[in-house]
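Here are three short exercises to work through with the model open beside you. Try each task before reading its solution.

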There are 4 protein chains.
Amino acid sequence: MVKSSVKRFGILTSGGDCPGLNAAIRGVAKAASSVFGMEIVGISNGYRGLIEGDARELSPDDFSGILTRGGTILGSSREKPFKGRDDGQASDAEVGKDKPELIKENVAKLRLDALVVLGGNGTNTTAHLLSKEGLNVIGLPKTIDNDIWGTEVTFGFHSAVEVATEAIDRLHSTAHSHNRVMVIELMGHKAGWLALYAGIAGGGDIIIIPEIPYDAVSVARDIEKRRSEGKQFSIVVVAEGAMSKEEADLPKKERRRLREKMPYPSIGYRVAAEIQSMTGMETRVTVLGYLQRGGTPSPYDRVLATNFGTAAAELLARGRFGRMVCMKDASISSIPLSEVADRTKTIPADHYMVDTARLVGACFGDGA
Amino acid sequence: MVKSSVKRFGILTSGGDCPGLNAAIRGVAKAASSVFGMEIVGISNGYRGLIEGDARELSPDDFSGILTRGGTILGSSREKPFKGRDDGQASDAEVGKDKPELIKENVAKLRLDALVVLGGNGTNTTAHLLSKEGLNVIGLPKTIDNDIWGTEVTFGFHSAVEVATEAIDRLHSTAHSHNRVMVIELMGHKAGWLALYAGIAGGGDIIIIPEIPYDAVSVARDIEKRRSEGKQFSIVVVAEGAMSKEEADLPKKERRRLREKMPYPSIGYRVAAEIQSMTGMETRVTVLGYLQRGGTPSPYDRVLATNFGTAAAELLARGRFGRMVCMKDASISSIPLSEVADRTKTIPADHYMVDTARLVGACFGDGA
Amino acid sequence: MVKSSVKRFGILTSGGDCPGLNAAIRGVAKAASSVFGMEIVGISNGYRGLIEGDARELSPDDFSGILTRGGTILGSSREKPFKGRDDGQASDAEVGKDKPELIKENVAKLRLDALVVLGGNGTNTTAHLLSKEGLNVIGLPKTIDNDIWGTEVTFGFHSAVEVATEAIDRLHSTAHSHNRVMVIELMGHKAGWLALYAGIAGGGDIIIIPEIPYDAVSVARDIEKRRSEGKQFSIVVVAEGAMSKEEADLPKKERRRLREKMPYPSIGYRVAAEIQSMTGMETRVTVLGYLQRGGTPSPYDRVLATNFGTAAAELLARGRFGRMVCMKDASISSIPLSEVADRTKTIPADHYMVDTARLVGACFGDGA
Amino acid sequence: MVKSSVKRFGILTSGGDCPGLNAAIRGVAKAASSVFGMEIVGISNGYRGLIEGDARELSPDDFSGILTRGGTILGSSREKPFKGRDDGQASDAEVGKDKPELIKENVAKLRLDALVVLGGNGTNTTAHLLSKEGLNVIGLPKTIDNDIWGTEVTFGFHSAVEVATEAIDRLHSTAHSHNRVMVIELMGHKAGWLALYAGIAGGGDIIIIPEIPYDAVSVARDIEKRRSEGKQFSIVVVAEGAMSKEEADLPKKERRRLREKMPYPSIGYRVAAEIQSMTGMETRVTVLGYLQRGGTPSPYDRVLATNFGTAAAELLARGRFGRMVCMKDASISSIPLSEVADRTKTIPADHYMVDTARLVGACFGDGA
């Protein structure tokens, strides 16, 4: 056994489902137990399990054979333990104790030297806050949105890209056979990485992302231009966080208020309605939804998650806490959680992939 | 060359997109041209092309390399040429001539000895009506719904089953990780074959199909029963034509009227709302939609479509018209179009797959 | 609980790996335990476990979540317990007791009212022999070769077809880019179902199967003919049991002797060498091997295996022994094991799929 | 149109087949023609077409719809035009003119301002030599081996990883069901990237790569160790360029001589024989071969190839010749061909992925 700073730690997965979680858990656990001799405590359902003390020790049987499995063997939740505290409102936990206090008590009760948390922006922000409370925390960046600051890529992203691209490939058949406009709505509230990437991979004609507000007239014009060139169909890829130029100019609060009153199930339906009314072309919507989150991780994500997992075990062994494992310059590294917290990695306007998309003829509905 | 009754024929694809159309076109065309020396005229966009005379001769280049391609190289439409005539209303074709007359004129102009039509129930019913008008017609059963009378299976069905099953597999991850009820809505207006088949293949817990009206209370009870056995999640597979017992008791017209006023985008959302309100469990909906229609056909469908296609060429050669190619007793055969027209193959209540589903623990929401 | 003839039975999987085994085990076990209240004993590693008494009772946890998993949770072996006895040679089991006797003793010790065996031709033949010894046996037809007498299809077959077809699709790229002949060798010792089916699905140009002995000169001529038509590449699909016309004319023993001295790793390499030497075209071989046996079963096979599994449970409940579950006229049925034993379902010369293949231009290397 | 340094250029693909070639051609061509107004000449079959003057102008129809297609629409060959010249031997081209001279003549005849070449190490080395001859050349790094110096990744690599990983996943079923050692041989003559990557993604137990010479005794010991821990099966991933420690110590020429006399079809078979003889465990080999080269590119490779393609068009427009497009620090960049030529990117002994593999329990057969 290699000497380790940590003897026993807890591991949890928090936030939305994401391919690669089990591969990462396996990576952390195999390295931590076999190589560094640590004890591993699996915490159920994200931070909620830490608040409620719902946890149990993991044995090799628990993390054997899970490399290819979707979901998370630990369960997950969207619990945000600092939420009540941040805004001065009372916590909904038992009176007299707020959730972070309960977490610290349970960490002590479970005799955990450290925590490894796998999650997205919210999860890693919470990880940073727990660090500030004195806990030894290491974060792992997971999200299909690829929008975590400080890492070039997150695991789950490329698996979601594969699902989304396969869906676009399928829609091409129908678009072509029926001379239709097919709108596909992909995940991505704040960042359009998934829509941009799958849009290029699937040969999308229009790609609408949060970072580049769209103009319905421009979108319609782009589709009409294709029609005038003999292309009777178009594929429109829309991120769920897409917004029009008018919306982008509004204050955030006002924008949200208007969006809630939007007479469509989701933005994809609105874009489709705009296209159909402006071009007269038959337009259909597909919302990919939860299919982007499930299923076996792609080989890319299995490897990335395994790399991240073993790197986390090494940080534990060396006692380097308050950090998130990351990919930097195409190599595995780590970054302080303080730099990651409360930030989002969106697509810069001059990103090379935006250029690439335009150079192969895709439009962003921005009139460019 | 083998002697052939037909020297020159037209081929068209009609109705919704379906994997295997190109494989079937290739099967008809390769056999008809290379073996029987026939000339082949491709008609654009289903019966609409026949009404408008939009057609062109096909050469081997047109049908080479299309075996694996989704969609249809001929284009499709939902044109129903007898619609105006049936109900005594004026046809929307040029004054004085109804669409069937235009079709007969164009068949003569294009010098077609026969027609091969690939489509679903509507298409084959029209094929029968054209037969009655004196045209030589052969039908091929295509539909992802598998609901065409007179054939054990249609091409497109098993490809759609694969897409649907893969989707259910993906939802399992999320259902399990988040302790959720996941509702997935599949195609199937009148027949639940796709939902039943994919439901069994994906290990669905509740399967709701048009043939077995459901009772929301029973569905909720089945889910609660699972929870009481420690299964915190459930997968509910719903065919788009599913209906409640109350709806099933209404006259068809009344049922349709109520459905149009239903405050949900589709039946899957209603089922989800019923489950969530009755069980209190977090419930999410995925509508698979057009993804079921597109993409490369599965090997099963490529072979079935090729078998059907070459069988159609043989019927042409032997001058056996007014028939639809079919699968009967697991072998390729044909059946008079008159037997197929105006019928739908739904799931019999005592079908062995309903038994199978119940025997592995799936429920139909019917209280059984 | 529904009344059952059988209270407790053993289940085993025997012979080569095959997708759908776990789905079938689950089907038998869920129906048998939940609906009919039977106890289920899992026997390890096929008939070997029955000889050695290696078995344990299965609980619902054992067969939950295995529907999509490849392989078999019970393990398998190629043990043939009657082999020594049949030919009058001494059994290699303990002196004084032959293997069938040991099996009967262990069936008694384990208090099994019946046995369910999942396997191919050898397995079901053994099942018949055990029936004759007085045991209550039910067989299930599994094999990727689809060569079991008495059933229209076996589970595992369509999954293997998918793997093989995907491989042929991949080889098309390289064949086309490099103007090469690509030979792909598929499984199928006695029957060419897999090669014929995948050959049609993948658009193979030459399909060589055991049932239609080939002539290397004809194969070369067919490839040259393609080249003369401007098709610079060809895909040749070869079943591992393929043989030349000369070989086919030899007595079986002589044929086997010659084959063992064949200076090629397998028949695919010989066919490739013949083509390359006769046509001068660059020819490459791919042997698909074990990839055809592994991995998650296709939806078709999951459903078929589930249907077969639940049907076996019903036969147990009704006390109908000595039968193999089968697919007949596209419906689930059963057939006496005595009819299945010692037979093989090969492709009849006039099978419609042989016609289909020829009609789309595929050749069988038989000069036709 | 944006102003461009180049008005007309030739494009060719050289070397082995690789997913993403068509996506890259499309990227170059769409950007070059639509945005920069260049004329594009497609050269057939790699450098051979340039020697023979086999080329034709491409129109948008040629590069539309090819994003998802495997292979290369231009054809390929392994022609190395400088081969004869390098070693002072006479060229096999027409007497009096060597191939590079013919290439320069044809570039002039075809009025090409520049060349874009897509290929691996050999291709880009030739590109450098043509640059030194005065031609304007831009290289694009394609290879499933990922072994091109100067770029973090090549297109084709991740598609091959997916095929290889899926194969390993399939073998797991059989290995587990039959208690076998399964050896899978992957491509990679000089570099083990594919074996390492797919080995981690597929959970391989032993990974044997050219960079880490193996010791058969160590391999056997690792497998025995697994058996002693109750793991009755093992997956061994072998790169085709793997070598034993004894071989690694030999001079290269001697090593090649011995390898040619090796009594096995390929290294995978030798490793399997060594394992079987040392451990007595049943061991089986699968050689994945050409399946790694064909088929539709993965979304990752479609995007990478598109990025590389449009970047090449921009280099053309800006007149930056003698460079290869590359991925550097996870961004698109370019590097002088002179730095790339005659080098190979192998796996450094201290690469983080070697550590990762060891940390999750994989062995390299090196006794470590």
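The expected span of a helix is 1.5 Å times one less than its number of residues. Helices (H or I, at least four residues) and strands (E, at least two) are DSSP runs, numbered from the N terminus. One caution before we start: this is a predicted model, where local features need pLDDT of at least 70 and side-chain atom pairs count only at pLDDT 80 or more, while totals for chains, interfaces and linings use all residues. Residues are numbered from 1 along each chain as its sequence is written, and chains are lettered from A and ligands numbered from 1 in the order in which they are written.

**Exercise 1. Check the span of helix H7 of chain B, then work out how enclosed H7(B) is.**

Step 1: H7(B) covers residues 157–178, which is 22 residues, so 32 Å is the span to expect at 1.5 Å a residue. Its end C-alpha atoms sit 31 Å apart, which agrees.

Step 2: Count a residue as buried if 20 or more other C-beta atoms, placed from the backbone, lie within 10 Å of its own. For H7(B) that gives 22 of 22 residues buried, so the rest of the structure largely encloses this helix.

Step 3: Look just past the end. Asn179(B) follows H7(B), and its phi is positive, near 50°.

**Exercise 2. Find the strand order and the edges of the open sheet in chain D.**

Step 1: Two strands pair if DSSP finds at least two bridges between them. The order of the 4 strands comes out as E7-E8-E6-E9, with parallel pairing.

Step 2: Strands E7 (206–208) and E9 (283–287) of chain D pair on one side only, making them the edges.

Step 3: Zoom in on one pair. E7(D) and E8(D) (residues 234–239) run parallel, joined by 3 bridges, and Ile206(D) stands opposite Val236(D).

**Exercise 3. How is chain A related to chain D, and what does the contact between them take from each?**

Step 1: Superpose by least squares on the C-alpha atoms of residues with pLDDT of at least 70 in both copies. A turn of 180° and a shift of 0.0 Å along the axis lay chain A on chain D with an RMSD of 0.0 Å. The copies are thus related as by a two-fold rotation axis. In chain A, Asp329(A) has the C-alpha nearest that axis, 2.0 Å away.

Step 2: Residues are in contact if their C-beta atoms, placed from the backbone, lie within 7 Å. Each chain, A and D, gives 36 residues to the contact. On chain A's side, H13(A) supplies the largest share, 8 residues.

Methods
Two residues are in contact if their C-beta atoms, placed from the backbone, lie within 7 Å. A residue is buried if 20 or more other C-beta atoms lie within 10 Å of its own, exposed if 12 or fewer, and partly exposed in between; C-beta atoms are placed from the backbone.
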